[in-house]
Each structure stands twice: as C-alpha cells, then as structure tokens.
Amino acid sequence: MSDDDQNDSGDVNQDDMADEWAAAMDEAGETGGDVEDDWAAAMAEAGVSEEEAEPEPEPAADPMPLQDFSAPAGGSAEQPDLQVVLDIPVSMSMEVGQTSISIRNLLQLTQGSVIELDRLAGEPLDVLVNGTLIAHGEVVVVNEKFGIRMTDVISPQERIARLR
C-alpha cells in the first residue's frame, strides 16, 4: 500500500482501497473460478509440488488459563496491556425475565397476549454483556428514553468463576 492510500492521521483511505480491490477483481476477470484450481496453478508456476504445498496440520493448542483478577492492579510488566481491547464493541442487553412455552402456545400469541415471566414485579433486571451476567439494575427514564441504573455489579472474580 502506498503512502497516498493513507490520510493525515495514518488511516487508510477507504475509497482508494475499494478502488484497488475493484481493479484487482476486474484484473482477475471476476469469473468466480475455482479457488483450488487457482491455488494449484500458482503453486505449479512457483515450482512447488502438491505434497510440498499442503501445510502440516498444527497441533491443538492447550487452553490458556483464565487470568486471576485477584492480583493487585498496577502497571507491572506481568499485567497485560488492556488498551488493545478497549475499543472492541460488545453486545449489551437488559433481561426483564424468561419463560418457556410450547410452540403451539407461541403460534397462538396475538396482539394483547400476556406472557408470564419468572420474575416478580419490582425485581431488578439482569444486565448482560455478550450473554454474560455482569450486573443487576432498575429501569429509569432519562430524557424520554429508557435507561438502567446499576444497583449491583458482579465482581470480576465471580464472573470468571461462572465461566469455569
């Protein structure tokens, strides 16, 4: 990639990159040819036999142990740099309650149907991040929009214990 493809902040210009991809696809003929045939042709052109081109399967990696969050926080060399994950988006949801119903009853639902949940009125809602319980809270209204006030946050140690 050339320096022209980057703007002043160092980010890649998306339009230029899209143009490069379009040109590469046009050059390839965009016939949707067989990838295996293309791979075999490229390997033959490079003088590599089929046996040499096949990578050996990697051994299964041992699972890494979960980090123990009970260690004191600090910028020591052993602590991972969390800056690399701070901008990763996660899915956050609030759960009022749950229930199980048969498909027959599900198909009979109409406008105005009431479904009984497993929670009592006034009980706190569950706050889930990527399906993992992280807190409990109560519904509030802020600027005519619903929100949730955290009433109890699950500690990192408890969250990790639930994963195990």
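**View 1. V96 lies in the loop between β1 (92–95) and α4 (103–107).** The model is predicted: local features need pLDDT of at least 70, side-chain atom pairs count only at pLDDT 80 or more, and totals for chains, interfaces and linings use all residues. Residues are numbered from 1 along each chain as its sequence is written, and side-chain values use heavy atoms, with hydrogens and water left out. Helices (H or I, at least four residues) and strands (E, at least two) are DSSP runs, numbered from the N terminus. V96 counts as exposed because its relative accessibility is 52%; exposed means over 50% relative accessible area, buried under 20%, and partly exposed in between (1.4 Å probe, protein chains only). V96 is one of the residues in a nonpolar surface patch of about 490 Å². The other members of this patch are I101, L106, L109, I115 and L117. A patch is built from residues with over 30% relative accessible area and no salt bridge, joining nonpolar side chains (Val, Leu, Ile, Met, Phe, Trp, Tyr) within 5 Å and like charges within 9 Å. The areas come from the Shrake-Rupley method with a 1.4 Å probe, and for residues only the protein chains shown count as cover.

**View 2. D126 sits in strand β2 (residues 125–129) and has polar contacts to the side chains of R119 and H136.** A polar contact is a pair of N or O atoms within 3.5 Å; within protein, one must be able to donate a hydrogen and the other to accept it, and residues adjacent in sequence count only if both atoms are side-chain atoms. Side chain to side chain, the polar contact from D126 to R119 is 2.4 Å, and the one to H136 is 3.0 Å. D126 counts as buried because its relative accessible area is 12%. Setting aside neighbours within four places in sequence, D126 is in contact (heavy atoms within 4.5 Å) with S93, M94, E95, R119, L133, A135 and H136.

**View 3. R119 and D126 form a salt bridge.** The term covers a side-chain nitrogen of Lys or Arg within 4 Å of a carboxyl oxygen of Asp or Glu. The closest N and O atoms of R119 and D126 are 2.4 Å apart. R119 counts as partly exposed because its relative accessibility is 22%, whereas D126, at 12%, counts as buried. The structure holds two salt bridges.

**View 4. E138 and R149 meet in a salt bridge, 2.8 Å from N to O.** This pair links distant parts of the chain, with E138 in strand β3 and R149 in strand β4, eleven residues apart. Strand β3 covers residues 132–142. E138 counts as partly exposed because its relative accessibility is 36%; R149 is also partly exposed, at 46%. Beyond neighbours within four places in sequence, E138 is in contact with G147, I148, R149 and T151. E138 and D152 are 14 residues apart in sequence, and their C-alpha atoms are 9.9 Å apart in space.

**View 5. N130 and E144 each have a positive phi although neither is a glycine.** Most residues other than glycine have a negative phi. N130, in the loop between β2 and β3, has a phi of about 50°. E144, in the loop between β3 and β4 (145–153), has a phi of about 65°. N130 counts as exposed because its relative accessibility is 52%. E144 counts as exposed because its value is 81%.

**View 6. The whole chain has five helices and four strands.** From the N terminus on, these elements run α-α-α-β-α-β-β-β-α. Of the 164 residues, 10% are buried. The chain exposes about 14,500 Å², with carbon and sulfur atoms supplying 53% of this area. Among contacts with a separation of 6 or more, 31% join residues 24 or more positions apart.

**View 7. Helix α3 (residues 50–53) has the lowest mean pLDDT among the elements of the chain, 54, and α4 the highest, 94.** Over residues 1–10 the pLDDT is below 50, and this stretch has eleven contacts in the model beyond near neighbours in sequence. The pLDDT is the predictor's confidence in each residue, from 0 to 100. Its mean for the chain is 74, and 54% of the residues reach 70 or more. Where pLDDT is low, the predicted coordinates should not be read in detail.
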